[in-house]
Amino acid sequence: SFSHVVDQYMAAASASKLFTKEQTTKIFGNIKSLYEFHLIFHKKLRRTVTSSEQCSVHELVNLFQSYFKHFYLYKSYCTKFDEAAKYLQKLYSTSPAHAEVLDKCRSKDKMIHLPLSSYLLCPVQRICKYPLQIEALARICEDESTKATVANLATRFRDLLDEINEEKRKNEVFLDSDCGSLTISGGLHC
């Protein structure tokens, strides 16, 4: 969960004298901004769903549309995720002191004892679920005009995933060309 990463792992790394600001940024990217956005968005979503006896698809779609630009925070996070994961793995293997700071967060939490890398993957997985959730709204929609709006929103989310994939490909080509080889791994899919 975002709160676990930000409030536990990121806070511990930031408070530690071992981690530089650059290291913390490289590992966590903009996850704090994503977390802050989701606090606001989920509060509004919860309010929308519980404000009336029957929440309409139209209300939900309007909420997603009004916050859509904020979902672009995922683009920055996802395009840097692979590099962050590799850096974290290298840090764990080369610096037991850094690993100890992060592992203390893992041992004191009340959640499932997953490694930090598993928690950092969650936003990448989450953005892939939004088009599927929006498409599920289209299936329950009876009004044709709202159904078209829902389909448009799902397309916007799919376009965002395409942009993320394209940016990841550019970054991977750029990073790999520095090493003298060209490797492009798979992109994000629903």
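## A helical chain, told through its residues

Asp82 is a friendly place to begin: with a relative accessible area of 27%, this residue counts as partly exposed. The structure in front of you is a predicted model, and Asp82 will lead us from one of its helices to another.

**The salt bridge of Asp82**

Which residue does Asp82 pair with in a salt bridge? The partner is Lys168, and the closest N and O atoms of the two lie 2.7 Å apart. Asp82 belongs to helix H5 and Lys168 to helix H8, which spans residues 144–179, so this salt bridge ties together parts of the chain that are 86 residues apart in sequence. The two partners sit in unlike surroundings: Asp82 is partly exposed, whereas Lys168 is buried, at 8% relative accessibility.

**Other salt bridges**

The count of salt bridges comes to 6. Among them are the three in this table.

| Salt bridge | N to O distance |
|---|---|
| Asp82 and Lys168 | 2.7 Å |
| Glu100 and Lys104 | 3.8 Å |
| Glu166 and Arg169 | 3.5 Å |

The pair Glu100 and Lys104 stays within one helix: both residues are in H6 (residues 96–108), and because they are 4 residues apart there, about one helical turn separates them. Glu100 is partly exposed, its relative accessible area being 47%.

Glu166 and Arg169 make a similar local link in helix H8, where they are 3 residues apart, or about one turn of the helix. Are these two partners buried or exposed, or something in between? Glu166 is partly exposed at 36%, and Arg169 is partly exposed too, at 32%.

**The chain as a whole**

Now let us step back. The chain contains 8 helices and 0 strands, which gives the pattern α-α-α-α-α-α-α-α when read along the sequence. Of its 190 residues, 37% are buried. How much of the contact between residues at least 6 apart in sequence joins residues at least 24 apart? The share is 73%.

**Two buried residues and their contacts**

Two residues give a closer look at such contacts. Val6 lies in helix H1, residues 2–15, and is buried, with a relative accessible area of 8%. Setting aside neighbours within four places in sequence, Val6 is in contact with Ala11, Ile31, Lys32 and Tyr35. The C-alpha atom of Val6 is also 9.8 Å from that of Ser33, a residue 27 places away along the chain.

Thr146 is found in helix H8 and is buried as well, at 9% relative accessible area. What does Thr146 touch, beyond residues up to four places away in sequence? The contacts are Val57, His58 and Cys141.

**A pocket beside H2 and H5**

The second largest pocket holds about 150 Å³ of space. Its lining is made by Thr25, Lys26, Ile27, Phe28, Gly29, Tyr77, Lys80, Phe81, Glu83 and Ala84. Two elements give two or more residues to this lining: helix H2 (21–28) and helix H5 (73–94). Which of the elements supplies the largest share of the lining? That is H5, with 5 residues. By chemical character, the lining of this pocket divides into 5 nonpolar, 2 polar and 3 charged residues.

**Cysteines without a bond**

One last point concerns sulfur. A disulfide is a covalent bond between the sulfur atoms of two cysteines. This structure holds 0 disulfides. Why does Cys78 not form one with Cys128? Cys128 has the cysteine sulfur closest to that of Cys78, but the two sulfurs are 6.9 Å apart, which is too far for a bond; the cut-off used for a disulfide is within 2.5 Å. Both cysteines are buried: Cys78 has a relative accessibility of 2%, and Cys128 has a relative accessible area of 9%.

**Looking back**

To recap, the chain is built from 8 helices. The salt bridge of Asp82 and Lys168 ties H5 to H8, while the salt bridge of Glu100 and Lys104 lies within H6. Helix H5 also gives 5 residues to the lining of the second largest pocket.

Notes:
Residues numbered from 1 in each chain as written. Predicted model: local features only at pLDDT ≥ 70, side-chain atom pairs only at ≥ 80, totals over all residues. Heavy atoms only, no water. 1 Å grid on protein atoms, 1.4 Å probe; cavity = no way out; pocket = protein on both sides within 12 Å on 5 of 7 lines; lining within 4 Å. Points joined across faces, edges and corners; volume = space filled by probe spheres on them. Nonpolar A, V, L, I, M, F, W, Y, C, P; charged D, E, K, R; others polar. Buried < 20%, exposed > 50% of the residue type's maximum accessible area, 1.4 Å probe, protein only. Contact = heavy atoms within 4.5 Å. Salt bridge = Lys/Arg side-chain N within 4 Å of Asp/Glu carboxyl O.
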